[in-house]
Amino acid sequence: MPPSPAHLGRLIERMRAAGVRVIVADPGASPAIVRRLADATGARVVTLAPSVGAEPAATDYLALFDVNVERLARALGGEATNPAGAPRPQ
Amino acid sequence: MTLELLGWPLAAALVLAGIHAWLGLHVLARGVIFVDLALAQVAALGATVALLAGHGPQGAGAYWYALAFTAGGAALLAALRDRPGLARAAIPSEAVIGIVYAVAAALTVLVLERVPLGGEQVKALLVGSLLGVTGDDVGRLTALYGAVGVAGWLARRPLAALSFGGTLRHARVWDFGFYLLFGLVVTSSVRVAGVLLVFAYLIVPAVAGALLARDASRRLVIGWSVGALGSVAGIAASFRWDLPTGATIVATLGALLAALGAGLGIRRLARGGRRSVMAASVVLGVAIALAGAALAVFPRADHVWLDALEGALPPLQDAFLSAHERGVAADAREASARGAREVAVLRTRQADVAWGARAAGAEERERLRQFTLGREELVAGDRMVLRTLRSRARQRQRYWLGVPLLALGAATAAVAARQRRR
């Protein structure tokens with residue numbers, strides 16, 4: 001369900017008070033609402049893949065985590081500790 | 001915060017109401033009510049094909065795909081206008097419009113089956129995201145709909161001849177032009193407001209105008225007023241009662257139309273004299289008899305009217321409980337209300353901890369979680385006690401309330417029907 005104005009207002013106030021820097025979005029989330037939240041709070045938006053195949057890069061379970069960790073690390077201003085090119089356990 | 005959050009959505013809603021009230025007059029006059037849903041679905045099909053081609057749901061690619069598909073739909077609807085073959089077979093325009101809608105919807109499902117998160121995309125098309133509108137969106141919509149309005153004003157005579165009757169050369173070309181303008185507006189509106197809200201803006205103000213006036217310009221003014229009133233009241237209600245904005249505006253527009261219909265019905269009743277009052281009494285009597293019969297036959301079923309009455313007047317239920325049961329009900333009501341208040345406080349405290357506004361260690365967090373769950377269980381228990389007592393009251397009400405209501409309603413309807421015939 002789309003959010004109500006009161007809910008969105010409370011969320012914006014919470015985010016401002018807590019100094020939230022990153023919004024983690026689902027690919028199915030309304031882009032307009034996510035953009036509105038980001039505009040109102042100054043937070044950066046990072047969209048994570050929820051499952052294998054949801055995005056071309058998420059080819060298997062480990063690739064899914066590689067993609068998501070890399071995006072989160074970039075959004076938070078750091079480097080991924082286990083970048084996509086690192087060897088994986090077999 | 002309220003103005004920051006609701007200013008642009010309200011502006012967008014007023015712009016949408018303005019253009020759709022005008023288009024709605026034409027759609028209503030032509031009797032092609034569901035053309036909006038059909039073209040919106042064709043636009044949705046175009047946007048879905050764009051997703052399959054790798055474009056984002058809110059991107060320019062999706063918009064142009066949707067517009068191209070809508071132009072195709074507009075051409076098809078204009079080409080089928082007044083076809084002698086359809087007229088000979090007595091096939092109305094709405095049949096063709098319905099087929100266009102169903103086929104476009106089916107094709108959308110087939111395409112979405114190949115798109116990740118297809119279900120989410122369908123939901124987004126239905127409800128839109130009016131709350132996510134920005135100043136740039138409102139500017140674009142205003143410019144586009146202003147241009148459509150100017151085009152409509154320049155072509156007002158041929159469009160009026162098409163919709164309200166009159167002779168016109170090249171009617172099919174004008175018809176295509178109308179559907180093209182219509183498709184352009186619908187494609188743009190659905191991206192912002194969703195299919196349901198766009199349909200409501202199109203039809204409800206136009207119907208209100210048709211109920212209150214005969215002259216097209218008066219109908220338009222009434223339509224604009226109803227659309228604006230529904231937008232302001234709907235957005236205010238969604239903020240006040242914490243509800244999704246688009247669906248609340250649709251419900252508010254529906255409520256406004258129902259209130260208008262009730263007002264007109266009462267005026268007609270007052271003008272119709274005794275005969276109309278008797279007709280209304282027959283309807284009222286039948287409704288009371290049916291409610292009484294339902295209570296007598298199915299006491300355990302949901303009786304919304306009785307729940308509402310008992311909610312406003314608890315003694316109405318207490319009258320059917322024993323002295324001991326009344327005491328238990330009073331205790332359970334008080335405990336349930338107190339528990340709900342405590343749960344709300346605990347939930348707020350949990351949210352504060354989760355957001356970092358209040359410091360709490362892992363043990364305290366766990367204790368808070370357990371305590372909240374415990375209070376919720378107690379509230380659920382109190383509510384179950386109240387449901388059990390209501391069920392006992394219903395068993396007694398079936399004889400002491402259901403049967404008398406059945407008899408009263410039937411007698412009222414019979415007497416009123418006889419009086420009406422005299």
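## Exercises on a two-chain predicted model

In this predicted model, the contact draws on 30 residues from chain A and 29 residues from chain B.

**Exercise 1.** Work out how much area chain B and chain A bury between them, and what share of it sits on carbon and sulfur atoms.

*Solution.* Start with the area: chain B and chain A bury about 2300 Å² between them. Then split it by atom type, and 63% falls on carbon and sulfur atoms.

**Exercise 2.** Go through the polar side of the interface: how many salt bridges and how many residue pairs in polar contact does the rule find between chain B and chain A?

*Solution.* First, the salt bridges: the rule gives three across the interface. Take A:Arg35 and B:Asp137 as one to check by hand; their closest N and O atoms are 3.0 Å apart, and the cut-off is 4 Å, so the pair passes. Next, the polar contacts: nine residue pairs turn up across the interface, with both partners at pLDDT 80 or more.

Now ask where chain B's side comes from. Helix 1 (2-30), helix 6 (118-127), helix 10 (216-240) and helix 15 (323-355) of chain B each put in at least two residues. Sorting the chain B residues that touch chain A by class gives 16 nonpolar, seven polar and six charged.

**Exercise 3.** Describe how helix 1 of chain A sits against helix 15 of chain B.

*Solution.* Get the geometry first: the axes of helix 1 (residues 5-18) of chain A and helix 15 of chain B come within 10 Å and cross at roughly 45 degrees. That angle makes the helix from chain A oblique to its partner in chain B. Then list who meets whom: A:Leu11, A:Arg14, A:Met15 and A:Ala18 face B:Thr348, B:Ala351, B:Asp352 and B:Trp355. By class, this contact has five nonpolar, one polar and two charged residues.

**Exercise 4.** Repeat the job inside chain B: at what angle do helix 8 and helix 9 of chain B pack?

*Solution.* Helix 8 (residues 156-164) and helix 9 (residues 171-212) of chain B pack at about 100 degrees, with axes 10 Å apart. So helix 8 of chain B is roughly perpendicular to helix 9 of chain B. On the helix 8 side you'll find B:Pro158, B:Leu159 and B:Leu162, and they meet B:Ala171, B:Trp174, B:Asp175 and B:Phe178 of helix 9. The class tally is six nonpolar, no polar and one charged.

**Exercise 5.** Count the salt bridges over all chains, then say which parts of chain B the B:Arg394 pair ties together.

*Solution.* The whole structure holds 17 salt bridges. In one of them, B:Arg394 pairs with B:Asp307, the closest N and O atoms being 2.4 Å apart. B:Arg394 belongs to helix 16 (residues 362-421) and B:Asp307 to helix 13 (residues 304-312) of chain B, so the pair ties together parts 87 residues apart in sequence.

How values were computed: Residues are numbered from 1 along each chain as its sequence is written. Chains are lettered from A and ligands numbered from 1 in the order in which they are written. This is a predicted model: local features need pLDDT of at least 70, side-chain atom pairs count only at pLDDT 80 or more; totals for chains, interfaces and linings use all residues. Side-chain values use heavy atoms; hydrogens and water are left out. Contact means heavy atoms within 4.5 Å. Buried area is the accessible area (1.4 Å probe) that two parts lose on being put together, summed over both. A salt bridge is a side-chain nitrogen of Lys or Arg within 4 Å of a carboxyl oxygen of Asp or Glu. A polar contact is a pair of N or O atoms within 3.5 Å; within protein, one must be able to donate a hydrogen and the other to accept it, and residues adjacent in sequence count only if both atoms are side-chain atoms. Helices (H or I, at least four residues) and strands (E, at least two) are DSSP runs, numbered from the N terminus. Ala, Val, Leu, Ile, Met, Phe, Trp, Tyr, Cys and Pro count as nonpolar, Asp, Glu, Lys and Arg as charged, and the others, Gly among them, as polar. Axes are lines fitted to C-alpha atoms, for helices over the stretch in contact, and angles run from 0 to 180 degrees between N-to-C directions. Angles under 35 degrees count as roughly parallel, over 145 as roughly antiparallel, 65 to 115 as roughly perpendicular and the rest as oblique.
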